[in-house]
Amino acid sequence: MSTSEPMSPRLLFILLLSAAVLSLSLALSNGALPLSVAEVAHALWHPADGIASEVVWQLRLPRVLAAFTCGSLLALAGVLLQTLLRNPLADPYILGISGGAAVGALSAMLLGVGLVLIQLCSFSGALLAMMAVFGLGFRSGERNVYRLLLTGVMFSAGCGALVSLLLTLAPSAQVQGMLFWLMGDLSHPQGLPLAAGVLLLVGTGAMIFSGGLDVLAGGLDKAAALGIALNRWQMALYFAAAALTVMALQLGGSIGFVGLLIPHVIRLLGVSIHRWLIPLSILLGGSFLVAADTLARTLWAPLQLPVGVFTALLGVPVMLWLLGRRA
Amino acid sequence: MTLQAHNLTVAIGGKTLCHDLDISIRPGECWGILGQNGAGKSTLLRTLAGLHPPQTGAVSWQAVALQNYTRRDLARHRAVLLQNEGGEFWGSVLDYVLLGRFPHRTAWFRYSAQDHAIAQQALTHMELTELAARPLNTLSGGERQRAAIAQAWAQQAQCYLLDEPLQHLDLRHQAQTMQMFTQLREQGCAVLMVLHDLFWAQRCCDHVLLQFADGQIMQGPASELLTRTHLQALYQCSLREVTGEGERSFVASV
């Protein structure tokens, strides 16, 4: 078997499932108080049994689960958007939703309000951006996908300018918090149960309709000829991807690269049929972000680094290597 | 099981391509659409397929207007081969051909064994069995065209609308393709194809529709319309008739 032979999706699924278990157990055992895997297992089994249980249940588990969910949300959003926009460069932030969230969050920080209000403002900003881009840019059909894409990119650029303005206006004490939000930070995850619910719902829906997503990936005209009602499908994809992105932003701010990278890595490994692409991306996205977050919080401990730095530092070389291998 | 257009006016980008067209494509008929580049052949075909809304008039299948079908229902009855699919499919050739079974698919997650059998058969017809596992985007233009034809065949429709089915194909595959659709016609399918090759139009089409650049349309039996006078007017160039072994065709005289 040569190296360019596509891997069997089943084998890849088992590999990535093991990777997920591995990354989760590493994340749970590493930190200010190092624990062995046996201690972690014991603590998980006995929630109220000493300091180890407290560390695992109160501190690490919420963060690790948030990281996994966030990574999965971003990867799935990436898959759906790349299919919707027919553009390999599409990522969850391309439609300006993260721009809206950033403007909301940073404005709230500038006003010096508490964490809950910051989250609420970023949530409202994301929803406003989602509606604005949809209203201005969405028309169903073959050529109109570019219109949606361009509207999103323009909206993002506008938000980027506002973010720069807010950073300039902010007193220097607040700038670091803002930069953390912008680069992605999983230390204050919000709304994990809701996010997990959205992931489960959209993930199941995407699996049920995975056959139609394959047809859409083959070209919009072709899809219409093969029985896809373009308008309904595109609208559903837009809102599904937007909901995933909003949830991910609530969990970890705008963490870059995961949504762009993960679907491509799976495709470069030879899997592009949605029935497999979706679950494999969810698994890899989750494990990848857990690994990156574990590095971010332990490498320079007690200093915590923004996780976005590590998603890029880990992801870019892997992607470049895979691209090179294919060529 | 007739594809019918009534009072059809088709326009694109402000240009009227045909006016008040009435046409019936019956089971067992093979129609050729001929015309100059830009005359609107593809748009007319897309209109008949229900992919482009007509200005006025309506297209119906089995005496029911196309817009009264769901997209999926329609796709079970008619297959469309497009000249440009507007997409880059990332999967394998087999995955791509299987998409033709999508309208017939009943299970949520996978294609049935029967769907796979039909896709394999389609691959065999188009000599693609060896390439089945290759990513579609690594194929040559002609191989990709054969995959698209295999996909249309796998759809197992009663009506086939084909936009330049012979583009990029070598001579042997041209013959195979035309033979395949002739067979479908003999089994009672209605076939309509946009063609530039007058030889194949002569040989395989029993009816033709000549679409003139000024929006004029002539339609009728191929034997009446495929004459030098009509074709010279259609293509606006002088043609030479060539005959041999009982067959005749036209070539542009230089």
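**View 1. B:Gln62, an exposed residue with a positive phi.** With 12 C-beta neighbours inside 10 Å, B:Gln62 counts as exposed, since the cut-off for that class is 12 or fewer. Bear in mind that this is a predicted model. You'll find B:Gln62 in the loop between E4 and E5 of chain B. Its phi is near 55 degrees, a positive value in a residue other than glycine. For background, most residues other than glycine have a negative phi.

**View 2. B:Gln156, just past the end of H5(B).** Here's a second glutamine with a positive phi: B:Gln156 sits at about 50 degrees although it is not a glycine. B:Gln156 belongs to the loop between H5 and E7 of chain B, and it comes just after H5(B). Is B:Gln156 buried, exposed or in between? It has 17 C-beta neighbours inside 10 Å, so B:Gln156 counts as partly exposed.

**View 3. Helix H5(B) and what surrounds it.** H5 of chain B runs over residues 141–154. At 1.5 Å a residue, its 14 residues should span 20 Å, and the end C-alpha atoms are indeed 20 Å apart, so the two values agree. Of those 14 residues, 11 are buried, which means the helix is largely enclosed by the rest of the structure. The buried set includes B:Glu143, B:Gln145 and B:Arg146, and also B:Ile149, B:Gln151 and B:Trp153. Several alanines are in there too, among them B:Ala147, B:Ala148 and B:Ala150. What do the buried residues of H5(B) pack against? On the strand side, they pack against E6 (78–81) and E7 (159–163) of chain B; on the helix side, against H3 (93–98), H4 (113–125) and H6 (171–186) of chain B.

**View 4. The open sheet of chain B, with helix H1 packed on it.** Four strands make up this open sheet, in the order E2-E1-E4-E5 (chain B), and their pairing is antiparallel. As a reminder, strands of a sheet pair through backbone hydrogen bonds. Strand E2 (15–25) and strand E5 (64–65) of chain B are the edges, each pairing on one side only. Helix H1 (residues 41–48) of chain B packs on the sheet and touches E1, E2 and strand E4 (56–61) of chain B. The direction of H1(B) makes about 135 degrees with that of E1(B). Strand E1 (residues 3–12) of chain B is joined to E2(B) by 7 bridges, and the two run antiparallel. To get your bearings on this pair, look for B:Ala11, which stands opposite B:Thr16 in E2(B).

**View 5. The E11–E12 hairpin of chain B.** Strand E11 (residues 239–244) and strand E12 (residues 247–252) of chain B pair in the antiparallel sense over 6 bridges. B:Glu241 has B:Phe250 of E12(B) as its bridge partner. The two strands form a hairpin with 2 residues between them. In that turn, B:Glu245 has a positive phi of about 50 degrees.

**View 6. The E9–E10 hairpin of chain B.** Strand E9 (residues 207–211) and strand E10 (residues 217–221) of chain B run antiparallel, with 5 bridges joining them. The bridge partner of B:Val208 is B:Gly220 in E10(B). How many residues lie between E9(B) and E10(B)? The hairpin has 5 residues between its strands, and B:Gly215 in the turn has a positive phi of about 95 degrees.

**View 7. Where chain A touches chain B.** At this contact, 23 residues of chain A meet 22 residues of chain B. Helix H9 (210–217) and helix H10 (220–225) of chain A each supply at least two residues of the side of chain A that touches chain B. By class, that side of chain A has 10 nonpolar, 6 polar and 7 charged residues.

**View 8. The two chains behind the close-ups.** Chain A has 14 helices and 0 strands, while chain B has 9 helices and 12 strands. With 327 residues, a compact globule would have a radius of gyration near 20 Å, and chain A agrees at 20 Å. For the 254 residues of chain B the expected value is near 18 Å, and chain B agrees at 18 Å. Buried residues make up 50% of chain A and 44% of chain B.

Definitions and conventions: Residues numbered from 1 in each chain as written. Chains lettered and ligands numbered in written order. Predicted model: local features only at pLDDT ≥ 70, side-chain atom pairs only at ≥ 80, totals over all residues. Expected span 1.5 Å × (residues − 1). Buried ≥ 20, exposed ≤ 12 C-beta atoms within 10 Å, placed from the backbone. Contact = placed C-beta atoms within 7 Å. Rg over C-alpha atoms; globule rule 2.2 N^0.38 Å. Nonpolar A, V, L, I, M, F, W, Y, C, P; charged D, E, K, R; others polar. Pairing = 2+ DSSP bridges. Axes fitted to C-alpha atoms, helices over the stretch in contact; angles between N-to-C directions.
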